Amino acid sequence: MRIHDNQILTTLDPEVPTLGVYFFEPKIMSLPDYSDFHLQFIYESLLLLQRSFMKLWIPLLLLPYNALEWFKKLQEYFDISHIYSHEETGNWGTYQRDLRVLFYCKKSEIKITEYGTNGVVRRLKSRDSWNKIWNERMMQKIYYPVQIQKPVITPLELCNISKNTKNKYKEYFLKNWNKNIQKWWEFTGIKILENFLETKSSKYMYNISKPFESQSWCSRLSPYITYGCLSLKIVIQATENRRTELSKLWTDTAKNHRKSLQYFVSRLHWQSHFIQKLEDEPEMEFRNLNKDFDAIRQEIDAQLIEKVFTSRSGIPYIDALIRQLQQTGWCNFRSRAILVSFLCNTCMQPWQAIAPRIAQLFTDYEPGIHYPQFQMQAGTTGINTIRIYNPVYNGKQKDPEWRFIYTFLPELKSVPVKYIHEPHLWEGFKDLGYPEPLVDIKSANKIAKDLLWTTKWNILKSDKEKIVKKHASRVFHGNRKKKSIRNASLRSGNENQIALF
Ligand SMILES: Cc1cc2nc3c(=O)[nH]c(=O)nc-3n(C[C@H](O)[C@H](O)[C@H](O)COP(=O)(O)OP(=O)(O)OC[C@H]3O[C@@H](n4cnc5c(N)ncnc54)[C@H](O)[C@@H]3O)c2cc1C
């Protein structure tokens, strides 16, 4: 959803009329992992992209129909010779749609070309070469659009074709607009990036895990990267430029700033690293990566899940977190990990019952990061360490000034500071109307720890090796003597993330 660094716009033949099309597909949008948060961000981005495209003589149609049906319909108006699109690692639904469209194009003799957009490699033969490809891609030149000479339809015709569609969404969003979720389009993304690199990133490292402070000090670029309003390559190159600039300043502040930016770059690297996993194994959306975990955690407690999603778990950190997500569509990495660990490990709920519902609350929902991260936090990969968090302990450590709890759970304002993370221990608790904790966290965590570690230890070595070979990172950190692939995955996949905290 951008004109900058969009390979399609560089390779178009300026003599051939070109039409842009975006399908709001009812079949895809009704899948359980999509929500208005995503739709609103996409819709706003597209309205502004429409204007940018117009300057290139490319009208952009927004159509509320399933792609395949409408490619057929569009063929009645236009003689389609070539479809260009970007490679997308979506969910199972979009993957199946892509296959159907590919089949149709082949049958109808329409040429189809797809370009990569980030560091994810289609039909990757081996993970061994992945880092090299990623580095090469990120250092490639930025693409600039060509100007089309022959418009396929005039702006007036475009208005007529897309009039009904536009009104349909306008009406809908006038009623359902959420002013708190992040705002659209590539120029906002570029501004946020510039501001982050210039100043905010200096304190990134210190605030990344604090639930309140991270709202302002994290980059907040995720939805722009997810929907392609910003290219990963531009973000990486701009960051490297800033790092070079800072290296010329011999002050401690500049040194720390550079270090913070190094943390940031490693996260940008993870972006494609995780998406590559779903690209290589799309079934990760439904199935445990390691099948030995199929035997545990099978029962769904719908009532418990409902209590958590209505901020009635009785654990302030978790309840505040759900409110933060419902109100803003964002929380930091650590909070996401804690929420998954609480539901899947402490409360022993299958991650498959929860992942789509949480995806609805992330404006930046990216299936390729979401499902692999979910499996990692729920401990079902078999190759990563088991992580079980205590939200009370984390709350005390990362929200010592209770700013996060007070912002999102104002009903706890009368609770004395000493009890803010465990209000049920306070003598005035009964009058609060706030629920008792759903579970005894310490004992539930101990049971989960024993069960998950026992399952992990019993996994066959050969099964682990297969997963490591296919999915583990090959970036080596620290002790270079231990270069086995297994260690590589442990250090870069887990311990780096733990070091973050
Ligand atoms: C269970 C779970 C689900 C997640 N689901 C998503 C998702 O659907 N979409 C999404 O963009 N991120 C997801 N993340 C990763 C991470 O939490 C978000 O990218 C980050 O919080 C977004 O905020 P930011 O842009 O300020 O990140 P920053 O910390 O400023 O990082 C910059 C960019 O790096 C990438 N990034 C950061 N952390 C990670 C990570 N751990 N793994 C992969 N890429 C990362 C993102 O593109 C992010 O925008 C998930 C994490 C967990 C634990």
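Tyrosine 95 is a handy place to start in this predicted model: with a relative accessible area of 35%, this residue counts as partly exposed, because that class runs between the 20% limit for buried and the 50% limit for exposed. Tyrosine 95 sits in helix 5, which spans residues 92-107. On the surface, Tyr95 joins Leu99 and Leu102 in a nonpolar patch, and together the three offer about 250 Å² of accessible area.

Now step back to the whole chain. The protein chain has 501 residues, and 53% of them count as buried. Its secondary structure adds up to 23 helices and four strands. If you look at contacts with a separation of 6 or more, 78% come from residues 24 or more positions apart. As for the outside, the protein chain exposes about 24,100 Å², with carbon and sulfur atoms supplying 55% of that area.

Then there's the ligand. It is surrounded by 30 residues, and the closest are Tyr204, Ser219, Arg220, Asp364 and Glu366. Glu366 also turns up among the polar contacts: one of its backbone N or O atoms lies 2.9 Å from an oxygen atom of the ligand. Tryptophan 330 uses its side chain instead, placing an N or O atom 3.0 Å from a ligand oxygen. With arginine 267, it's a polar backbone atom that lies 3.4 Å from an oxygen atom of the ligand. How much of the ligand's accessible area does the protein cover? On its own the ligand has 830 Å², and the protein covers 98% of that.

Technical notes. Residues are numbered from 1 along each chain as its sequence is written. This is a predicted model: local features need pLDDT of at least 70, side-chain atom pairs count only at pLDDT 80 or more; totals for chains, interfaces and linings use all residues. Side-chain values use heavy atoms; hydrogens and water are left out. Helices (H or I, at least four residues) and strands (E, at least two) are DSSP runs, numbered from the N terminus. Buried means under 20% relative accessible area, exposed over 50%, partly exposed in between (1.4 Å probe, protein chains only). Contact means heavy atoms within 4.5 Å. Accessible areas come from the Shrake-Rupley method with a 1.4 Å probe; for residues, only the protein chains shown count as cover. Patches are made of residues with over 30% relative accessible area and no salt bridge: like charges are joined within 9 Å, nonpolar side chains (Val, Leu, Ile, Met, Phe, Trp, Tyr) within 5 Å. A salt bridge is a side-chain nitrogen of Lys or Arg within 4 Å of a carboxyl oxygen of Asp or Glu. A residue is near a molecule or strand if one of its heavy atoms lies within 4 Å of it. A polar contact is a pair of N or O atoms within 3.5 Å; within protein, one must be able to donate a hydrogen and the other to accept it, and residues adjacent in sequence count only if both atoms are side-chain atoms.
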